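Let's take a friendly walk through a protein model, one neighbourhood at a time. Have the sequence and the 3D view ready, and look up each residue as we reach it.

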Amino acid sequence: MSAVVMDGKALAAKIKEQVRLRVEQMERKPGMAMVLVGENSAAQVYETGKQRDCRQCGIYYETYRLPEDVPQKELLDVIGFLNEREGIDGILIQFPLPGHLDDRAVQMAIRPDKDVDCVHPSNVGDLTLGVDCFWPCTPAGVMRLLAEYGVDPAFKNCTMVGRSNIVGKPQAMLLLRHDCTVTVCHTKTPDLAAECRRADILISAAGHVGLISADMVKEGAVVIDVAVNRDTEGRLCGDVDYKTVAQKAAYITPVPGGVGPVTRAVLMENTLTAALRRGKE
Ligand code: NAP
């Protein structure tokens, strides 16, 4: 058996086109601002991608680059300024921040109705409570991929490898909201292979090349690889041993071209939603 490849690029193009068509009808266009602290080559790549996505969707875009040693107050002032900016509907801060900055204070400084990646504790709380809020882009992207390929999480077992605040935990919450039975694994899980083998839906976001081998995957499972790693030759890859797992799974996401593009497209959609909610038509 060879798995159906879940084409994140195609889904992302579809989502972005829907956003573009909606934005086209708006008199005032949505706006997004990204705040980058320090020089980080990966963050620069994400920034270029977001700029391109915004351009494709007709969304206004700004970047704020702050030095690595920026004082906390200066960063909070920039966020305060963006909170008040009429033309900005979505604020995205590139985490992780340098060690001297207080992540929680930064997350709490973002206006919840402009928090398009769901990092403000009140939005995280709403997500957990099942109240309507922005869904964090990566876990939301995974849900979109499942829906696109007709995978209903209800009555299924999911094993989520990774418990970070930006992927694993919110992913588990979204799956629970869709009636999935979720097991969350991490580095202290006693038997990761056994937990993975039970999964109808296996999602990996560990950031560990080759972590998920074919013997850890149930025949016919849906395998979603969130991770973005580099192999020994410097090529992008995920956590899953793609070639062998694709022979066993029913559905699989590639890296690159799987979750990543959909994550970015969801960010565009969230920014549009933020603008619509703020009555900017
Ligand atoms: P993170 O904060 O480092 O969290 C990694 C999680 O995986 C932790 O909970 C860790 O367990 C667990 N883990 C690591 N190695 C493990 C192992 N050998 N066995 C079991 N669990 C293990 O990372 P993150 O920010 O969630 O990102 C995870 C990956 O997803 C990275 O590769 C990142 O680049 C990628 N990512 C992709 C997107 C996208 O849009 N495609 C978005 C965000 C992140 P402990 O908690 O015990 O340490």
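Tyr251 has a relative accessible area of 24%, so it counts as partly exposed. Keep in mind that this is a predicted model. Tyr149 is partly exposed too, with a relative accessible area of 23%.

**Aromatic pairs**

How many aromatic pairs does a search of the whole structure find? The search finds two. In one of them, Tyr64 and Phe81 sit 6.5 Å apart, centre to centre, with 70 degrees between their planes, an edge-to-face arrangement. This pair links distant parts of the chain, since Tyr64 belongs to strand β3 (residues 60-66) and Phe81 to helix α3 (residues 72-84), 17 residues apart. Phe81 has a relative accessibility of 44%, so it counts as partly exposed.

The rings of Tyr149 and Tyr251 also pair: their centres are 6.1 Å apart and their planes make 65 degrees, so this pair is edge-to-face as well. Why is 65 degrees enough for that label? Planes over 60 degrees apart count as edge-to-face, so 65 degrees qualifies. Tyr149 is in the loop between α6 (137-148) and β5 (157-161), while Tyr251 is in strand β11 (residues 251-252), so the pair ties together parts that are 102 residues apart in sequence.

Another ring has a charged partner: Arg277 lies over the face of Phe134, at 4.8 Å from the ring centre.

**Met6 and its neighbours**

Now find Met6, in the loop between β1 (4-5) and α1. Is Met6 buried or exposed? Its relative accessibility is 0%, so Met6 counts as buried. Leaving aside neighbours within four places in sequence, the contacts of Met6 include both Tyr149 and Tyr251, the two residues of the pair described above. Among its other contacts are Leu145, Leu146, Val222, Ile224, Ile252 and Thr253. Met6 and Ile224 are 218 residues apart along the chain, yet 8.7 Å separates their C-alpha atoms.

**Two helices side by side**

Next come helix α1 (residues 8-24) and helix α10 (residues 259-277), which pack with their axes 8 Å apart and at an angle of about 20 degrees. Angles under 35 degrees count as roughly parallel, so α1 is roughly parallel to α10. Which residues make the contact? From α1 they include Leu11, Ala12, Ile15, Val19 and Val23. From α10 they include Val262, Ala265, Met268, Leu272 and Leu276. The crossing of these two helices, α1 and α10, is left-handed.

**Ser204 and helix α7**

Ser204 is part of strand β7 (residues 201-204). At 1% relative accessibility, Ser204 counts as buried, because that is under 20%. Not counting residues up to four places away in sequence, Ser204 touches Ile224, Asp225, Val226 and Ala227, among others. Ile224 is thus a contact of Ser204 and also a contact of Met6.

Strand β7 is one of the elements that the buried residues of α7 pack against, along with α5 (121-129), α6, β5 and β6 (181-185). Which residues of helix α7 (residues 168-177) are buried? They are Gly168, Pro170, Gln171, Ala172, Leu174 and Leu175.

**Backbone details**

Just after α7, Asp179 takes a positive phi of about 65 degrees. Asp179 lies in the loop between α7 and β6. With a relative accessibility of 56%, Asp179 counts as exposed. Cys118 also has a positive phi, near 55 degrees, in a residue other than glycine. Cys118 lies in the loop between α4 and α5, and at 6% relative accessibility it counts as buried.

Finally, look for the cis peptide bonds in this table.

| Cis peptide bond | Omega | Where the proline lies |
|---|---|---|
| Phe95 and Pro96 | about 0 degrees | Pro96: loop between β4 (90-93) and α4 (103-109) |
| Val255 and Pro256 | about 0 degrees | Pro256: loop between β11 and α10 |

The loop that holds Pro256 leads from β11 to α10. Strand β11 is where we met Tyr251, and α10 is the helix that packs with α1.

Conventions
Residues numbered from 1 in each chain as written. Predicted model: local features only at pLDDT ≥ 70, side-chain atom pairs only at ≥ 80, totals over all residues. Heavy atoms only, no water. Phe/Tyr/Trp six-rings, centres within 6.5 Å; stacked < 30°, edge-to-face > 60°. Helix = DSSP H or I, 4+ residues; strand = E, 2+ residues; numbered from the N terminus. Buried < 20%, exposed > 50% of the residue type's maximum accessible area, 1.4 Å probe, protein only. Lys NZ or Arg CZ within 6 Å of the ring centre and 35° of its normal. Axes fitted to C-alpha atoms, helices over the stretch in contact; angles between N-to-C directions. Parallel < 35°, antiparallel > 145°, perpendicular 65-115°, else oblique. Left-handed = near helix turned anticlockwise from the far one by under 90°. Contact = heavy atoms within 4.5 Å.
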